[in-house]
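Okay, thanks for squeezing me in today. I'll put the structure up and then just talk through it.

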Amino acid sequence: MHILIFGASGHVGTGLAQHLSADHRITGIVRSQPESTTAYEPVVVPDWVDRPQAVIDELHRLDASSVDAVIAAVGGWYVDISMIARGIASFDEDYSSYLRGHFAACAVSEALAEAAGSAHVRHLALNGVASVEACVGSGAISVFGAAQEMLIRVAEAETDSVDYRELKVMAPIGGDDRNDLRGGVETISLPQVAEAVSAVLTRPDEHEISTQLGV
């Protein structure tokens, strides 16, 4: 498959590209050109969240092959003061980074499917435990993570050309130094995430719209 990754330069996106590139062609949508060699072919679209069509235009300009699947690994993680105390400006920033980014990725998948004609595009959005638990200090992530599942469910209900799925990773992903692992918290390795991602993308009909990956 030719897989397009949003968030390819992040911890999860980079790890997925490394593990999936052995069997698939990987293209990563990034805001700036990476400084070092990557396991994905970088396509630079600085304002892709604001202009999803720019992704389609750039892929066309580069004469890239048809995209079979899209992975949205956008957003990040933080632990801070309470959601309300952080203020509306920070809440808006989190919305732009998380839910708005996922909406833009869905818009790209729809455009890719339209260009592909009869072929279905497979779209997989990554989510986390914060979407089902009220995580203190990461409240906006919980809010937008919960909304993300509904975004995917609505998108799936409204299309005949994209297979929308979501994978909730229900534990911290290993190797990310932003995670607080005090107290013996178990982690999920990037190879485990990549294996689950591959399974959903390869056989979407065998998976629910939202699937959980636990330790």
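Let's start at Asp-23: buried or exposed? Asp-23 is exposed, because its relative accessible area comes out at 64%, and the cut-off for calling a residue exposed is over 50%. You'll find Asp-23 in the loop between helix H1, residues 11–20, and E2. While you're there, look for Met-1: along the chain Met-1 and Asp-23 are 22 residues apart, and their C-alpha atoms are separated by 7.9 Å.

I should say that this is a predicted model. Mean pLDDT for the protein is 92, with 95% of the residues at 70 or more. As for the elements, confidence is lowest in helix H4, residues 88–97, where the mean is 94, and it's highest in E4, at 98.

Next stop, H2 and what comes after it. Which residues of H2 are buried? They are Pro-52, Ala-54, Val-55, Ile-56, Glu-58 and Leu-59. And what covers them? The cover includes E1, strand E2 (25–30), strand E3 (41–44) and H5.

Take Val-55 as one example. Skipping neighbours within four places in sequence, Val-55 is in contact with Leu-4, Phe-6, Ile-29, Val-45, Trp-48 and Val-108. Several of those names come back when you look at the largest nonpolar core, which has 36 residues; Leu-4, Phe-6, Ile-29, Trp-48, Val-55 and Leu-112 are the ones with the most contacts inside it. At least two residues of this core come from each of E1 (2–6), H2, E4 (69–72), H5, E5 (121–128), H6 (139–157) and E6 (162–169). H5 gives the most, with seven residues. There's also a second, separate core, with 28 residues, including Val-30, Ala-73, Ala-194 and Val-197.

Now follow H2 off its end and you get to Asp-63, with a positive phi near 55 degrees. That's a positive value in a residue other than glycine, so to speak a nice one to click on. Asp-63 sits in the loop between H2 and E4. Asp-63 counts as exposed because its relative accessible area is 69%, where the cut-off is over 50%.

Asp-63 turns up again in the second largest pocket. How much space lies in that pocket? About 250 Å³. Its lining is made of Ile-56, Leu-59, His-60, Asp-63, Ala-64, Ser-65, Ser-66, Val-67, Ala-111, Leu-112, Ala-115 and Ala-116. Helix H2 (52–61) and helix H5 (99–116) are the elements that give two or more residues to this lining. H5 gives the most here, with four residues. For anyone thinking about chemistry, the lining splits into eight nonpolar residues, three polar and one charged.

Last one: Glu-156, which lies in helix H6. Which residues is Glu-156 in contact with, leaving aside neighbours within four places in sequence? Val-162, Asp-163, Tyr-164, Arg-165 and Ile-209. If you want a distance to check on screen, try Glu-156 to Thr-38: these two are 118 residues apart along the chain, and their C-alpha atoms are separated by 32 Å.

That's my tour, over to you.

Note on methods: Residues numbered from 1 in each chain as written. Predicted model: local features only at pLDDT ≥ 70, side-chain atom pairs only at ≥ 80, totals over all residues. Heavy atoms only, no water. 1 Å grid on protein atoms, 1.4 Å probe; cavity = no way out; pocket = protein on both sides within 12 Å on 5 of 7 lines; lining within 4 Å. Points joined across faces, edges and corners; volume = space filled by probe spheres on them. Nonpolar A, V, L, I, M, F, W, Y, C, P; charged D, E, K, R; others polar. Core = buried A, V, L, I, M, F, W, Y, C linked by side-chain atoms within 4.5 Å. Buried < 20%, exposed > 50% of the residue type's maximum accessible area, 1.4 Å probe, protein only. Contact = heavy atoms within 4.5 Å. pLDDT = per-residue confidence, 0-100.
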